[in-house]
Amino acid sequence: MADWDVQAGVYDRQLFLERRAVEAALDLAQAGPDDVLLDAGTGTGAVLRALAARPLRPRTAIGVDASARMVDRVPPLPAGWLVQRADARDLPAEDRSVDVAIASYLLHVLEPGARRAALAELRRVLRPGARVVTVTVYVPERRRLRPLGAALETLARLAPERLGSLQPLDPRPDLIDAGFSLERARFTALGYPSLCVAACAPG
Ligand SMILES: C[S@@+](CC[C@H](N)C(=O)[O-])C[C@H]1O[C@@H](n2cnc3c(N)ncnc32)[C@H](O)[C@@H]1O
């Protein structure tokens, strides 16, 4: 698996490939000014940066990432927003204290056990009925796209440390297993082929 501390120095070079999916995820999240937003696996803050540029944004946002170097590279954010080093399986938030959670390009870089643990933790911190939005690399099951899906899987397998984050994942079965109800999904093809899924925590 990737060493994110090592990748942190060059991570921003590829952010343009995430841009379309991150904007789609924020559209699905619909976070309002009074919401507490949590960005799990924030990296260098791609989601928080895009959110900060929006006129309607939460007054409180928390970004967490397991990599200290990633966290160090998050640029200054609006007052009231906080970024800290933490594992997505052990979030620094009270039970039922978060209104909107985002996990952008996180779930597919986790091993299945860690993925389940991170989703259980997101469920713990989300208020009943609150929304989680995930973004994962994903290639739809269409015949003409099969070579692309196969190519991404091969690259991820051949160089897991550098390209493991290209491993496609449909997170919907894991979200359902974790107790979330699926709301909407959007596929974005520009940049990394990506699936954005909005799901609801149990009420
Ligand atoms: C592909 S990057 C995505 C970063 C950011 N969300 C984005 O959209 O650009 C994956 C991030 O997940 C972080 N990560 C990996 N495992 C983690 C874990 N168990 N808990 C928290 N963060 C983790 C890595 O350090 C890395 O910053």
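**Group meeting: helices, pockets and a few single residues**

Ser104 is in contact with Val22, Asp39, Ala40, Gly41, Val47 and Val135, leaving aside residues up to four places away in sequence. I start there, with a single residue, and then move outward. Please keep in mind that this is a predicted model.

Ser104 belongs to strand S4. Is Ser104 buried or exposed? Its relative accessibility is 8%, so Ser104 counts as buried, given that buried means under 20%.

Next along the chain is Tyr105, which sits in the loop between S4 and H5. Tyr105 has 10% relative accessibility and therefore also counts as buried. Its phi is positive, about 55°, although Tyr105 is not a glycine. For background, most residues other than glycine have a negative phi. Two further residues belong in this part of the talk. Arg96, in the loop between strand S3 (81-85) and S4, has a positive phi near 50°. Arg96 is exposed, with a relative accessible area of 54%. The other is Gln30, which follows H2 and has a positive phi near 50°.

Now the helices, beginning with H5. How far apart are the end C-alpha atoms of H5? They are 20 Å apart, and this agrees with the 20 Å that its 14 residues should span at 1.5 Å a residue. The buried residues of H5 are Ala114, Arg115, Ala118, Leu119, Glu121, Leu122 and Val125. Seen down the helix axis, these buried residues fall within an arc of 160°, so they line one face of H5. The general point is that an α-helix has 3.6 residues a turn, so residues three or four places apart point the same way. And what covers the buried residues of H5? The cover includes strand S1 (36-40), strand S4 (98-104), strand S5 (126-137) and helix H8 (172-177).

H6 can be taken through the same steps. Its 13 residues should span 18 Å at 1.5 Å a residue, and the end C-alpha atoms are 18 Å apart, which agrees. Buried in H6 are Gly149, Leu152 and Ala156. Down the axis, the buried residues of H6 fall within an arc of 65°, so they too line one face of the helix. S5 and H7 are among the elements that cover them. On the face of H6 turned away from the buried side are the exposed residues Arg146, Pro147, Arg157 and Leu158.

Just before H6 there is a loop, and Arg142 lies in it, between S5 and H6. Arg142 is partly exposed, at 42% relative accessible area. Between Arg142 and Leu91 there are 37 Å in space, C-alpha to C-alpha, and they are 51 residues apart in sequence.

Helix H2 covers residues 19-29, and in it Ala21, Val22, Ala24, Ala25, Leu26, Leu28 and Ala29 are buried. Which elements do the buried residues of H2 pack against? They pack against H3, S4, S5, strand S6 (181-188) and strand S7 (194-200). Val22 has come up before, as one of the residues that Ser104 touches.

That leaves H1 and the pockets. Asp5 lies in helix H1 and counts as partly exposed, at 29% relative accessibility. Not counting residues up to four places away in sequence, Asp5 touches Ser67, Ala68 and Arg69. Asp5 and Pro173 are 168 residues apart in sequence, and 30 Å apart in space, C-alpha to C-alpha.

On to empty space. The largest pocket has a volume of about 570 Å³. It is lined by 33 residues, and the closest to its centre are Trp4, Asp65, Leu106, Val109 and Leu110. Which elements each supply at least two residues of that lining? They are helix H1 (4-7), helix H3 (46-52), strand S2 (60-65) and helix H5 (112-125). By class, the lining of the largest pocket has 18 nonpolar, seven polar and eight charged residues.

The second largest pocket has a volume of about 420 Å³. Of its 19 lining residues, Gln7, Gln14, Arg162, Ser165 and Tyr192 lie nearest the centre. H1 and helix H7 (160-163) are the elements that give two or more residues to this lining. The lining of the second largest pocket divides into ten nonpolar, four polar and five charged residues.

One thing to look for in the structure is H1, which gives residues to the lining of the largest pocket and to that of the second largest pocket.

Terms used. Residues are numbered from 1 along each chain as its sequence is written. This is a predicted model: local features need pLDDT of at least 70, side-chain atom pairs count only at pLDDT 80 or more; totals for chains, interfaces and linings use all residues. Side-chain values use heavy atoms; hydrogens and water are left out. On a 1 Å grid over the protein atoms alone, a cavity is a set of points where a 1.4 Å probe fits but cannot get out, and a pocket is an open set with protein on both sides within 12 Å along at least five of seven lines; lining residues have an atom within 4 Å of a point. Grid points are joined across faces, edges and corners, and a volume is the space filled by probe spheres set on the points. Helices (H or I, at least four residues) and strands (E, at least two) are DSSP runs, numbered from the N terminus. Ala, Val, Leu, Ile, Met, Phe, Trp, Tyr, Cys and Pro count as nonpolar, Asp, Glu, Lys and Arg as charged, and the others, Gly among them, as polar. The expected span of a helix is 1.5 Å times one less than its number of residues. Buried means under 20% relative accessible area, exposed over 50%, partly exposed in between (1.4 Å probe, protein chains only). The arc is that of the directions from the helix axis to the C-beta atoms. Contact means heavy atoms within 4.5 Å.
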